Amino acid sequence: MTAVVALGGNALMRPGERGTAAEQRANLREVCAALRPLLDEPEIVITHGNGPQVGNELLRHERAADEAPPLPLYLAVAQTQAEIGALIESELEPVAGRPVVCLLTHVLVAEDDPAFEKPTKPIGPFYAEDEARKLEQDRGWKVVHDAGRGWRRVVPSPQPLEVVEVDAIRALLRSGAIVIACGGGGIPAARRGAHLAGVDAVIDKDRASALLAQLAAGSMRPKLEASVDFVRATGRETLITSPAALAEALQGRSGTRIRP
């Protein structure tokens with residue numbers, strides 16, 4: 001049986017923090033210590049969010065655009081997978097006492113998913129309206145007024161269909177390693193002939209985690225929906241909790257359990 005642990009955004013960045021490498025490492029040190037009761041499981045996959053990190057990455061792209069060309073969103077997801085994976089590896093391996101491996105992971109989506117007709121997921125920095133409208137025209141973005149703080153780009157959040165590297169994940173698990181995969185929901189991709197093509201979208205990390213937990217080819221709502229989907233598909237149980245409450249949750253004294 002494979003245990004899938006999905007780390008939320010506050011596992012790495014807390015309110016009021018800037019998201020420096022030192023801050024994220026300190027937060028992860030606490031999280032990894034809290035995960036100790038699970039580390040005896042023979043097969044463990046760690047997934048994680050990347051919202052603040054990918055936002056910072058896109059901000060760097062914008063600020064340096066005159067010096068270096070901005071990268072597409074799917075590559076910003078790949079960059080933050082590697083960034084966060086490196087931090088988790090460095091803090092989890094000493095606690096686990098066995099290899100921890102970060103695997104850059106693509107997740108297939110359908111290019112005709114209805115989400116592409118109506119992008120809803122805000123990402124990146126805030127803009128004044130005139131600048132946002134210019135970016136919308138020049139880059140083909142969709143922008144909306146967000147939270148009274150300005151204008152932001154919105155992108156699709158399609159359903160995840162398949163974890164491309166699932167066989168590599170299985171092989172790493174069989175070797176005894178803990179695997180970090182599907183960071184930020186995975187790198188959104190579509191198959192075009194023999195090639196994978198990156199897609200500018202954001203995949204919900206809880207839905208990708210549920211898909212990964214079957215090992216098949218922001219708010220609580222996605223967590224609950226993904227958990228229910230997983231329980232219905234597998235007949236197994238899910239547990240929603242926080243790192244600080246994990247020990248009590250495993251003993252049945254806290255957390256949210258969803259059973260068949």
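In which helix is A96 found? The exercises below begin with this residue and end with the whole chain.

The model is predicted: local features need pLDDT of at least 70, side-chain atom pairs count only at pLDDT 80 or more, and totals for chains, interfaces and linings use all residues. Residues are numbered from 1 along each chain as its sequence is written, and side-chain values use heavy atoms, with hydrogens and water left out.

**Exercise 1. Locate A96 and describe its surroundings.**

Step 1. A96 is found in helix 3, which covers residues 73-96. Helices (H or I, at least four residues) and strands (E, at least two) are DSSP runs, numbered from the N terminus.

Step 2. The relative accessibility of A96 is 18%, so the residue counts as buried. Buried means under 20% relative accessible area, exposed over 50%, and partly exposed in between (1.4 Å probe, protein chains only).

Step 3. Not counting residues up to four places away in sequence, A96 touches L39 and I178. Contact means heavy atoms within 4.5 Å.

Step 4. A96 and A177 are 81 residues apart along the chain, and their C-alpha atoms are separated by 9.8 Å.

**Exercise 2. State which residues A78 contacts beyond its neighbours in sequence.**

Step 1. A78 has its place in helix 3.

Step 2. With 13% relative accessibility, A78 counts as buried.

Step 3. When neighbours within four places in sequence are left aside, A78 is in contact with L104 and I187.

Step 4. For A78 and I187, the separation in sequence is 109 residues, and the C-alpha to C-alpha distance is 6.1 Å.

**Exercise 3. Decide whether V101 is buried, partly exposed or exposed, and list its contacts.**

Step 1. V101 belongs to strand 3, residues 100-102.

Step 2. The relative accessibility of V101 is 26%, so V101 counts as partly exposed.

Step 3. Apart from neighbours within four places in sequence, V101 is in contact with E89, L172, A177, I178, V179 and I180.

Step 4. The C-alpha atoms of V101 and A86 are separated by 8.7 Å, and these residues lie 15 residues apart along the chain.

**Exercise 4. Describe the polar contacts of R152 and K205.**

Step 1. R152 lies in strand 7, residues 151-155, while K205 lies in helix 6, residues 205-213.

Step 2. R152 counts as buried at 16% relative accessibility. K205 also counts as buried, at 11%.

Step 3. The side chains of R152 and D146 are joined by a polar contact of 3.1 Å. A polar contact is a pair of N or O atoms within 3.5 Å; within protein, one must be able to donate a hydrogen and the other to accept it, and residues adjacent in sequence count only if both atoms are side-chain atoms.

Step 4. The side chains of K205 and D206 are joined by a polar contact of 2.9 Å.

Step 5. Beyond residues up to four places away in sequence, R152 touches several residues, including P122, F126 and K142. Among the residues that K205 touches, counted in that way, are L7, H48 and K223.

**Exercise 5. Describe the position and phi angle of C182.**

Step 1. C182 is found in the loop between strand 9 (178-180) and strand 10 (187-192).

Step 2. The relative accessible area of C182 is 0%, so C182 is buried.

Step 3. The phi of C182 is near 55°, a positive value in a residue other than glycine.

**Exercise 6. Describe the protein chain as a whole.**

Step 1. The secondary structure comes to eight helices and 13 strands.

Step 2. The radius of gyration is 18 Å, close to the 18 Å that the globule rule gives for 260 residues, so the chain is as compact as a globular protein of that length. The radius is taken over C-alpha atoms, and the rule is 2.2 Å times the number of residues to the power 0.38.

Step 3. The C-alpha trace spans about 55 × 40 × 30 Å along its principal axes.

Step 4. Of the 260 residues, 44% count as buried.
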